[in-house]
Amino acid sequence: MNTFIKIPIVTISLFCIFSCKTQHFETPEYGKSETEKSLKIKKVHNFRTVGNIKNMDGRALKEGMFYRSAHLHKLKKKSFDEFGKLGIAEIIDLRNSKEIFEKPDHLPNGITYKKYSAFEDEGDQLSQARKLVLKGKVNGSDADKRMIDFYREYVTENPGTIKTIITEILESEKPILYHCTAGKDRTGIVTALILTILKFDRATIYNEYLLSNNFRKPLVEKRLKLANNLHFLYPKMDLHVLEKLSWVEKRYLDAAFGEINKKYGSTDAYIQQVLGISETKREGYIQKFTY
């Protein structure tokens with residue numbers, strides 16, 4: 001699997017300093033309807049509950065059951081009480097072992113923690129990819145292609161792990177939080193699959209996915225501004241690489257669904273064959289999580 005997209009954005013930002021050279025960044029697409037409210041917990045980005053939306057049968061998703069966010073490495077002890085008020089009983093970490101080792105979650109006592117990575121960074125590919133970026137050997141178009149490839153591979157490369165993740169979330173009886181590093185790609189794909197299972201239409205699913213751009217906007221704009229104004233040590237680096245790693249795009253989620261349709265014929269077939277969810281079980285989940 002391509003590992004380029006796993007480069008921590010903050011790492012790239014640190015290398016993009018001190019230059020007068022500027023680059024123009026595109027305006028991302030934002031979610032049109034902010035059905036979710038960002039939960040203000042210090043040092044945790046893109047933290048929100050998936051809710052306040054209706055599926056194709058007019059049933060509303062229960063709020064406060066599914067939570068999603070970026071990593072919890074910087075979660076402060078003084079935020080533990082606020083975190084606990086949400087009733088979250090389980091955390092599912094979608095990051096790979098290297099990411100977890102470098103920035104482990106900081107969690108309150110009493111919360112069940114599980115990690116399920118659908119990919120691993122084998123060998124030294126991450127370091128090699130980083131060097132290529134800094135030397136200007138990778139441009140924005142390359143990054144865009146690799147993002148699309150990642151979305152395609154994530155849903156089909158390790159189907160057993162995806163099944164475990166989805167099953168763990170849908171079998172939960174108490175509020176559950178799942179997250180990756182930025183809370184936008186792996187977390188976005190998992191959320192899209194869950195909402196598909198619960199029979200939400202594509203417009204609703206894509207809007208929820210694009211809300212990561214809404215909630216991450218201040219953070220991303222700050223990083224891009226820093227990279228644009230301070231581009232001294234590695235002037236050959238294409239800052240559009242950072243841009244592509246920072247936002248989500250409909251085309252990326254299109255790639256995931258497209259790969260599912262290509263390999264399995266339809267999302268319904270994927271749900272049954274890969275995720276092991278029969279129509280009866282699916283209806284049970286709909287009754288469980290909507291009203």
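A residue counts as buried under 20% relative accessible area, as exposed over 50%, and as partly exposed in between, with a 1.4 Å probe and protein chains only. The model is predicted, so local features need pLDDT of at least 70 and side-chain atom pairs count only at pLDDT 80 or more, while totals for chains, interfaces and linings use all residues. Residues are numbered from 1 along each chain as its sequence is written, and side-chain values use heavy atoms, with hydrogens and water left out.

**Exercise 1. Describe the chain as a whole and the sheet within it.**

Start with the secondary structure, in which helices (H or I, at least four residues) and strands (E, at least two) are DSSP runs numbered from the N terminus. The chain has twelve helices and five strands, and buried residues make up 55% of its 291 residues.

Next, take the strands, where two are said to pair if DSSP finds at least two bridges between them. The five strands form an open sheet with mixed pairing, in the order E1-E2-E5-E3-E4. E1 and strand E4 (112-115) stand at the edges with a single partner strand each, so one side of each has no neighbour in the sheet.

Then follow two of the pairings. Strand E2 (residues 66-69) runs parallel to strand E5 (residues 176-179) over four bridges, and the bridge partner of Ser-69 in E5 is His-179. E3 and E4 are also parallel and are joined by four bridges, with Lys-114 in E4 as the bridge partner of Ile-92.

Finally, look at the two faces of strand E3 (residues 90-93): Glu-90 and Ile-92 on one side, and Ile-91 and Asp-93 on the other, are all buried, which leaves both faces covered.

**Exercise 2. Work out the surroundings of Asn-46.**

First, place the residue: Asn-46 lies in the loop between helix H1 (9-15) and strand E1 (48-49). Its relative accessibility is 4%, and therefore Asn-46 counts as buried.

Second, find its polar contacts, meaning pairs of N or O atoms within 3.5 Å; within protein, one atom must be able to donate a hydrogen and the other to accept it, and residues adjacent in sequence count only if both atoms are side-chain atoms. The side chain of Asn-46 reaches the backbone oxygen of Gly-183 at 2.8 Å, and a polar contact of 3.0 Å joins it to the side chain of Ser-212.

Third, widen the view to contacts, which are heavy atoms within 4.5 Å. Leaving aside neighbours within four places in sequence, Asn-46 is in contact with residues including Arg-68, Ser-69, Ala-182, Lys-184, Phe-215 and Arg-216.

**Exercise 3. Describe the second largest cavity and identify what lines it.**

Begin with the rule: on a 1 Å grid over the protein atoms alone, a cavity is a set of points where a 1.4 Å probe fits but cannot get out, and lining residues have an atom within 4 Å of a point. By this rule there are two cavities of 30 Å³ or more, and the second largest has a volume of about 30 Å³.

Continue with the lining, which is made up of Val-155, Ile-189, Ala-192, Leu-193, Leu-253, Ala-256, Phe-257 and Ile-260. Helix H7 (186-197) and helix H10 (250-264) are the elements that give two or more residues to this lining, and H10 supplies the largest share, four residues.

Last, classify the residues, counting Ala, Val, Leu, Ile, Met, Phe, Trp, Tyr, Cys and Pro as nonpolar, Asp, Glu, Lys and Arg as charged, and the others, Gly among them, as polar. The lining then divides into eight nonpolar, no polar and no charged residues.

Methods
On a 1 Å grid over the protein atoms alone, a cavity is a set of points where a 1.4 Å probe fits but cannot get out, and a pocket is an open set with protein on both sides within 12 Å along at least five of seven lines; lining residues have an atom within 4 Å of a point. Grid points are joined across faces, edges and corners, and a volume is the space filled by probe spheres set on the points.
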